[in-house]
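Q: I'm new to this one, so could you walk me through it a bit at a time? I'll ask short questions as we go.

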Amino acid sequence: MTADRIRVWLGVALLGLVMLGSFWIYEVMRRQSEDEAANAKNRSEPDYYVEHFNFVRLSQSKQTNYRVTGEKLIHFPLEDEFEIIQPRIVGIDQEKTPMTIRADRAIVKQKVQEKLQNKPEDQIHMHGNVLVERSKSDQGSYLKMATDSLILFPDSERMRTAEAITMTTPRANITAIGMEAENNRQKIRLLSKVQISIAPPSAK
Amino acid sequence: EKADSQKRTNISAEYTEFDGKTNTKTLKGKVELTRGTLLIRAENGVETETPDGGGAVTLSGHAGSQVFFRQKRDGGEDLWIEGLADRVEYDKKTEVVRFISKAQVRYLSQQKVTQEQNGEFLSYDSVNDVFTATNSTSGKRVPGGGRVTITSEPKGKKSDAKPDNK
């Protein structure tokens, strides 16, 4: 009888061992994937960099979509991302006036699909003293925007920030927290705490 | 007050959308417009701007809240006008304010109401200090369409009432 009991307990112990083993392997895999995500933050080693460059992105219609110039461009192979020091981006759309955007740093992420239904598109994350300027045109008056960080979606001509933003036009100064802009439809949405100050109308 | 027209217009809101094509600003959430002594509070606002500095501001309340308006009047010490309505339209060029539906406008002198109007449509031209009131929201008089009530407080005894140097 005791032999049976031993055999039963042996089976249970074996089962326990298998279960523990699989748990251990799962644990290792989980920690390993976490490490990968962690080092993605401080990113893999760059494989090349370019100095004083002019990066021209062509749109499907082979016209210039946007031009990026900067002091230094560093490429990170693992994520296929570029980091640009002192970027200056000129978004050119043939009919519209160019919009110039400057910042201390920018990270260009290529073909990112933010939401399932959107098609993948480039994202340019601008950080530090971001300044957007659009010159006067028949489409709109001169416009200047300053914020700490801004995400550009050049393919769909959209911009977005969750930070505080200051906007200046010839007649008004505007501040808000959070902004979304659709340049092709000339729409700018200020998402909260909006303060607008408009100069008096030209002397009557 | 005439001096208001040369002052900066300050607008604050919780949310704003600019449409560059139609040069329109849509404002939502605790909208407040101030310009010199002029103060307007509402829940929603749409501001249109014409290149020559004209354009209009249309303000409305939300879920029962009305638009509030207050401005100092020329021609005397501490003369004010206050107004309430479901909708207020302010024309930046002519500086005429129109109070539409369930409108109430009060004239105050030294914090005392000297005159009060109620009606469906009240308009106040702050530059020429002209006031009109009709009984339909379209601004036209509709015979038999409700009444406009204007109550004027009697002026105090000669001694304490300062002559109105209009």
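Q: Is D4(A) buried, partly exposed or exposed, and what is its relative accessible area?
A: In this predicted model, D4(A) has a relative accessible area of 41%, so it counts as partly exposed.

Q: And which residue does D4(A) form a salt bridge with?
A: The partner is R7(A), and the closest N and O atoms of this salt bridge are 3.4 Å apart. R7(A) counts as exposed because its relative accessibility is 56%. The two residues are three apart in helix α1 of chain A, so about one helical turn separates them.

Q: What does UniProt place at residues 6–26 of chain A?
A: The UniProt record, an unreviewed entry, gives "transmembrane region" for residues 6–26 of chain A. In the model that span is 100% helix and 0% strand, with its end C-alpha atoms 30 Å apart.

Q: Which residues make the nonpolar surface patch of about 450 Å²?
A: That patch is made by W24(A), I25(A), V28(A) and M29(A). V28(A) belongs to helix α1, which covers residues 2–41 of chain A, and V28(A) is partly exposed, at 39% relative accessible area.

Q: Back to salt bridges: how many are there over all chains?
A: The count comes to 23 over all chains. One of them pairs E81(A) with K109(A), whose closest N and O atoms are 3.2 Å apart. This pair links distant parts of the chain, since E81(A) sits in strand β3 and K109(A) in strand β6 of chain A, 28 residues apart.

Q: Are E81(A) and K109(A) buried or exposed?
A: E81(A) counts as buried, with 10% relative accessibility, whereas K109(A) is partly exposed, with a relative accessible area of 26%.

Q: New topic: how many aromatic pairs are there over all chains?
A: The count is three over all chains. In one of them, the ring centres of F69(B) and F99(B) are 5.1 Å apart and the planes stand at 70°, so this pair is edge-to-face. The pair links distant parts of the chain, with F69(B) in strand β6 and F99(B) in strand β9 of chain B, 30 residues apart. Both F69(B) and F99(B) are buried, and ring pairs link these two and Y124(B) into a cluster.

Q: Last thing, what is the mean pLDDT of chain B?
A: The mean pLDDT of chain B is 82, and 92% of its residues reach 70 or more. Among the elements of chain B, strand β2 has the highest mean pLDDT, 93, and strand β12 the lowest, 74. The model as a whole scores ipTM 0.74 and pTM 0.73.

Definitions and conventions. Residues numbered from 1 in each chain as written. Chains lettered and ligands numbered in written order. Predicted model: local features only at pLDDT ≥ 70, side-chain atom pairs only at ≥ 80, totals over all residues. Heavy atoms only, no water. Patch = residues over 30% accessible without salt bridge, like charges linked within 9 Å, V, L, I, M, F, W, Y side chains within 5 Å. Areas by Shrake-Rupley, 256 points an atom, 1.4 Å probe, with all protein chains shown as cover. Salt bridge = Lys/Arg side-chain N within 4 Å of Asp/Glu carboxyl O. Helix = DSSP H or I, 4+ residues; strand = E, 2+ residues; numbered from the N terminus. Buried < 20%, exposed > 50% of the residue type's maximum accessible area, 1.4 Å probe, protein only. UniProt positions renumbered as here; feature names shortened; annotations may be inferred. pLDDT = per-residue confidence, 0-100. Phe/Tyr/Trp six-rings, centres within 6.5 Å; stacked < 30°, edge-to-face > 60°.
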